[in-house]
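Dear colleague,

I am passing on the structure you asked to see, and below it I have written down what I found, in an order that I hope is easy to follow while you look at the model.

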Amino acid sequence: ALKLSQEKADEAVADFDKALQIEPDHAATYEARGLALAAQEKWEEAKKSLSRAVELFPQASGALLQRGRISMLAGDHKQAG
């Protein structure tokens, strides 16, 4: 997460991927990974990561909100709603 805040999104994604190898069902890591992918404008990958966070933790309102925001940024207004 620190790397993401330092605008090193590619390194952040790599770190999140490593963390998910250790703990593959950690919703917060998927959410953070989705934000890092969005910073790289990898919209579809970001939405998939955020969707996985919601699958693992349905009460993850942050991941749900971010997925909608990313859909808007990607121009997918139907999915954003």
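The buried residues of H2 are covered by parts of the chain that include helix H1 (2-5) and H3. Please keep in mind throughout that this is a predicted model. Which residues of H2 are the buried ones? They are Ala 9, Ala 12, Val 13, Phe 16 and Leu 20. When you look down the axis of H2, these buried residues fall within an arc of 100°, so they line one face of the helix. On the other side of H2 you will find Asp 10, Lys 18, Gln 21 and Ile 22, which are exposed. The length of this helix can be checked as well: at 1.5 Å a residue, the 14 residues of H2 should span 20 Å, and the C-alpha atoms at its ends are indeed 20 Å apart.

Val 13, which lies in helix H2, is a good residue to follow in more detail. Its relative accessible area is 10%, and because the cut-off for buried is under 20%, Val 13 counts as buried. If residues up to four places away in sequence are not counted, Val 13 touches Arg 33, Ala 36, Leu 37 and Gln 40. The C-alpha atoms of Val 13 and Ala 32 are separated by 8.6 Å, although these two residues are 19 residues apart along the chain.

From there you can turn to the largest nonpolar core, which has 16 residues, and in which Phe 16, Ala 36, Ala 46, Ala 63 and Ile 70 touch the most other members. Helix H2 (9-22), helix H3 (27-39), helix H4 (43-56) and helix H5 (61-73) each supply at least two residues of this core, and H3 gives the most, with five residues. As general background, nonpolar side chains in soluble globular proteins tend to be buried together. Ala 46 shows how one member of the core is surrounded, since, leaving aside its neighbours within four places in sequence, Ala 46 is in contact with Gly 34, Leu 37, Ala 38 and Ile 70.

Is Ser 49 buried or exposed? Ser 49, which is found in helix H4, is buried, with a relative accessible area of 2%. Apart from its neighbours within four places in sequence, Ser 49 is in contact with Tyr 30, Arg 33, Gly 34 and Leu 37.

In H5, the buried residues are Ala 63, Gln 66, Gly 68, Ile 70 and Ser 71. The 13 residues of H5 should span 18 Å at 1.5 Å a residue, and this agrees with its end C-alpha atoms, which are 18 Å apart. Just after H5, Gly 75 takes a positive phi of about 85°.

Finally, here is the chain as a whole. The secondary structure of the protein chain comes to six helices and zero strands. A compact globule of 81 residues would have a radius of gyration near 12 Å, and the protein chain, with 12 Å, agrees with that. Along the principal axes, the C-alpha atoms fill a box of roughly 35 × 25 × 15 Å. Of the 81 residues, 32% are buried, and among contacts between residues at least 6 apart in sequence, 37% join residues at least 24 apart. The accessible surface comes to about 5,100 Å², of which 52% belongs to carbon and sulfur atoms.

With best wishes

Note on methods: Residues numbered from 1 in each chain as written. Predicted model: local features only at pLDDT ≥ 70, side-chain atom pairs only at ≥ 80, totals over all residues. Heavy atoms only, no water. Core = buried A, V, L, I, M, F, W, Y, C linked by side-chain atoms within 4.5 Å. Buried < 20%, exposed > 50% of the residue type's maximum accessible area, 1.4 Å probe, protein only. Helix = DSSP H or I, 4+ residues; strand = E, 2+ residues; numbered from the N terminus. Contact = heavy atoms within 4.5 Å. Expected span 1.5 Å × (residues − 1). Arc of directions from axis to C-beta. Rg over C-alpha atoms; globule rule 2.2 N^0.38 Å. Areas by Shrake-Rupley, 256 points an atom, 1.4 Å probe, with all protein chains shown as cover.
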